[in-house]
Amino acid sequence: MHLTRFAALAAALLAPTLAAAGDLRADANAVFKPIDAASVAAVVKNNEITPAKIELGGKLFFDPRLSKSQIISCNSCHNLGTGGADAGPTSIGHGWAKGPRRAPTVLNAVFNVAQFWDGRAVDLKAQAKGPVQADVEMNNTPSQVEKTLNSIPAYVSEFKAAFPADSNPVSFDNMAKAIEAFEATLTTPNSRFDKFLRGDASALNDVEKKGLRLFLDKGCAGCHGGVNIGGNGYFPFGVAQKPGVEILPVADKGRAKVTNDAADEFVFRSAPLRNVALRAPYFHTGSVWTLEEAVDLMAKDQLGESLSDQDVKAIVAFLWTLNGDQPKIVYPALPPRASTTPLPQ
């Protein structure tokens with residue numbers, strides 16, 4: 001089915017089905033899932049998560065020496081203090097280059113169907129390699145990364161401990177696997193919405209429950225469902241009407257650049273909404289700074305709905321309940337460089 005038709009039908013068909021049901025929590029549990037301990041193990045493939053990998057990956061995530069300039073780390077654009085994303089519209093990379101899209105959040109990214117707005121990376125391993133090599137981001141090469149890591153004795157020891165079966169443990173591939181292992185720990189369970197899903201009716205107040213009902217009945221959950229409240233499918237942006245070019249630039253064809261299919265023009269992976277209140281601005285352009293404006297725009301352009309101010313406020317109140325326990329991160333002391341460590345460029 002053509003994606004535009006699918007998105008329109010999802011919005012149209014989901015609403016009456018849920019509206020007819022009387023139990024809000026039952027309706028919500030039919031569409032969403034709370035984060036639990038088994039969630040991560042079920043989605044990470046071909047990479048055993050071990051304490052040694054997690055510890056190594058945490059250091060690599062914060063190490064700017066993976067970049068050519070040695071001043072940009074993964075955390076530069078996926079700041080764990082600002083919801084796992086940049087605090088500005090689009091990130092600044094190598095040579096002060098401005099990125100073309102908003103950095104997606106790394107929090108709960110393990111639950112996404114794929115990584116990046118266009119889904120070009122199948123998992124977090126593949127995603128970890130992309131920014132390191134992108135010329136507008138870290139602008140490095142696999143060989144230079146390996147040379148840098150091999151020059152630092154403490155990293156050589158940690159890679160051997162994390163990948164004991166590998167004859168060449170210090171590799172670009174293993175760098176990505178270690179970062180994936182660390183990022184898989186960056187989940188935010190125990191949101192008030194999770195508690196509601198598990199049976200605590202008092203976890204949401206009346207306004208928040210109204211917002212949840214609207215989120216279900218108006219069709220928002222047609223694109224934003226599952227454990228990550230989104231991130232689990234691809235949908236055209238602007239089903240009812242196209243947003244302005246500042247929100248949907250005509251030059252960015254979205255997933256069509258990945259699939260080379262004209263039907264995928266302006267199709268993007270749906271944004272995961274957990275912790276969405278913590279990471280303004282919104283959309284792949286980072287062009288909208290409030291949740292109220294984002295909700296109103298999505299209702300009009302995606303669903304063809306004109307919401308009242310009170311309905312918008314109720315949905316925003318519900319979105320605030322998606323904030324979970326933030327990862328407790330200790331900023332690591334990185335191993336010192338050696339005399340043979342490549343210099344910044």
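Me: Where is Phe116 found?
Reply: Phe116 is found in the loop between H5 and H6. Helices here are DSSP runs of H or I with at least four residues, strands are runs of E with at least two, and both are numbered from the N terminus. This is a predicted model, so local features need pLDDT of at least 70 and side-chain atom pairs pLDDT 80 or more, while totals for chains, interfaces and linings use all residues. Residues are numbered from 1 along each chain as its sequence is written, and side-chain values use heavy atoms, leaving out hydrogens and water.

Me: What makes Phe116 buried?
Reply: Its relative accessible area is 12%. Buried means under 20%, exposed means over 50%, and partly exposed is in between, using a 1.4 Å probe and protein chains only. So Phe116 goes in the buried class. Its backbone deserves a look too: phi is positive, about 75°, although Phe116 is not a glycine.

Me: Why does Asn108 count as buried?
Reply: Asn108 comes in at 1% relative accessibility, so it counts as buried. Asn108 is found in the loop between H5 and H6, and its phi is near 65°, a positive value in a residue other than glycine.

Me: Why does Phe32 count as buried, and what is it in contact with?
Reply: The relative accessibility of Phe32 is 1%, hence the buried label. Phe32 lies in the loop between helix H2 (24-29) and helix H3 (37-43). Contact means heavy atoms within 4.5 Å. Leaving aside neighbours within four places in sequence, the partners of Phe32 include Phe193, Leu197, Leu212 and Ile229.

Me: What about Ser69, why does that one count as buried?
Reply: Ser69 has 13% relative accessibility, so buried it is. Ser69 lies in the loop between H4 and H5. Setting aside neighbours within four places, Ser69 is in contact with His94, Pro344 and Gln345.

Me: How many disulfides does the structure hold?
Reply: Zero. Take Cys74: the nearest cysteine sulfur, that of Cys77, is 8.8 Å away. A disulfide needs a pair of cysteine sulfur atoms within 2.5 Å, and Cys74 is in no disulfide. Cys223 is in none either, with the sulfur of Cys220 as its nearest, 8.9 Å away.

Me: Why does Cys223 count as buried?
Reply: Cys223 stands at 13% relative accessibility, so it earns the buried label. For Cys74 the value is 11%, so it counts as buried as well.

Me: How do you know that the span of helix H9 agrees with its number of residues?
Reply: The expected span is 1.5 Å times one less than the number of residues. For the 12 residues of H9 (172-183) that gives 16 Å, and the end C-alpha atoms are 17 Å apart, which agrees.

Me: What makes H9 mostly covered?
Reply: The count does: 10 of its 12 residues are buried. Among them are Phe172, Met175, Ile179 and Phe182. The buried residues of H9 pack against H4 (51-62), H5 (74-77), H6 (124-133), H7 (142-150) and H8 (153-162).

Me: At what angle do H4 and H9 pack?
Reply: Axes are lines fitted to C-alpha atoms, for helices over the stretch in contact, and angles run from 0 to 180 degrees between N-to-C directions. On that basis H4 and H9 pack at about 100°, with axes 7 Å apart. That makes H4 roughly perpendicular to H9. The contact includes Leu56, Gly57 and Phe61 of H4 and Met175, Ala178 and Phe182 of H9. The cut-offs are under 35 degrees for roughly parallel, over 145 for roughly antiparallel, 65 to 115 for roughly perpendicular, and oblique for the rest.

Me: Why does Thr290 count as partly exposed?
Reply: At 35% relative accessibility, Thr290 falls in the partly exposed class. Its place is in the loop between strand S2 (267-269) and helix H13 (291-303). Pro281 is found in that loop between S2 and H13 too, and a cis peptide bond joins Ala280 to Pro281, with omega about 5°.

Me: And what does H13 pack against?
Reply: Its buried residues pack against strand S1 (234-236) and helix H14 (309-320). Leu291, Val295 and Leu297 are among those buried residues. H13 is followed by Gly304, whose phi is positive, near 70°.
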